[in-house]
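Thanks for sharing this one. Here are my notes, sheet and cores in turn; please read them with the model open.

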Amino acid sequence: MEIISLTHKEFAKLEKYPIQNSILNTEASFYLINKKENWHRIPYLLKYLYTQDNEEFANKLYTVSILGDKGKELDVEELVIPKHLAAIDGVARGFTSPLEKGDNLGVILQNPKISNEEKFYYLYQVGKVIKKVQNNCKHVMPFHFGDLHAYNFLIERDIGKLHVVDLDSAYLETGYPTLSYYLCKNKKNLEILPEKYHMHES
């Protein structure tokens, strides 16, 4: 997997990528970065992780590296596969992914102006992608979504195309599930983030 190296000054000049207020983000900041490839400047989204000195951070970088090297073999075009590790002043701080267009599915589902029929269609597409991953990963590597919720899907509504983002929480052939896996076992943690993790009354 390639590495993008920036100095602290170069990083400070990057444009911050805006996240909608209704999207809860607790683990990173996002920046726009352009990389020259074959005489063209390609836009990427840099995810700068807040936590950078523990086992969870190391596991995320490992997951990103494996996906960067083998993710295309899954042959699931909807997966937004990480492209580069990002280092600032020689220290790993996060990673980049292709910058995809689209409206956030979590925001779409909360919008009363969008019909239920349209929402059901997108949820059906999500199910198809999950099934495709289950089928294809048998021939490449074990792959499990570690943080599966509506806010990790983007929808290009004009063409109905779906993108799956935030794959650094995936659980692959080795390593371990990230902390999001254990939230379901701890009601207190779920109650801290009610907008992101909805619980049934039972």
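**Notes on the sheet and the cores**

1. Strands S5 (residues 84–88) and S6 (residues 91–98) pair in the antiparallel sense over five bridges; pairing here requires at least two DSSP bridges between two strands. Leu 85 stands opposite Phe 95 in S6.

2. A word on the basis: this is a predicted model, with local features needing pLDDT of at least 70 and side-chain atom pairs pLDDT 80 or more, while totals for chains, interfaces and linings use all residues. Numbering starts from 1 along each chain as its sequence is written, and side-chain values use heavy atoms, leaving out hydrogens and water.

3. The open sheet has six strands in the order S1-S5-S6-S4-S3-S2, with mixed pairing. Its edges are S1 (2–6) and S2 (15–16), each pairing on one side only.

4. Helix H2 lies across S4 (40–49), S5 and S6, and runs at about 40° to S6.

5. In the largest nonpolar core (buried nonpolar residues joined through side-chain atoms within 4.5 Å; buried is under 20% relative accessible area with a 1.4 Å probe, protein chains only), Leu 79 and Phe 143 touch the most other members out of 23 residues. Elements giving two or more residues are H2 (55–70), H3 (105–110), H4 (116–137), S8 (153–156) and S9 (161–164). H4 supplies the largest share, five residues.

6. Leaving aside residues up to four places away in sequence, Leu 79 touches Leu 74, Val 133, Phe 143, Phe 145, Val 164 and Leu 167 (contact: heavy atoms within 4.5 Å). Apart from this core lies another, of 10 residues, including Ile 4, Tyr 31, Leu 46 and Ala 86.

Definitions and conventions:
Buried < 20%, exposed > 50% of the residue type's maximum accessible area, 1.4 Å probe, protein only. Helix = DSSP H or I, 4+ residues; strand = E, 2+ residues; numbered from the N terminus. Axes fitted to C-alpha atoms, helices over the stretch in contact; angles between N-to-C directions.
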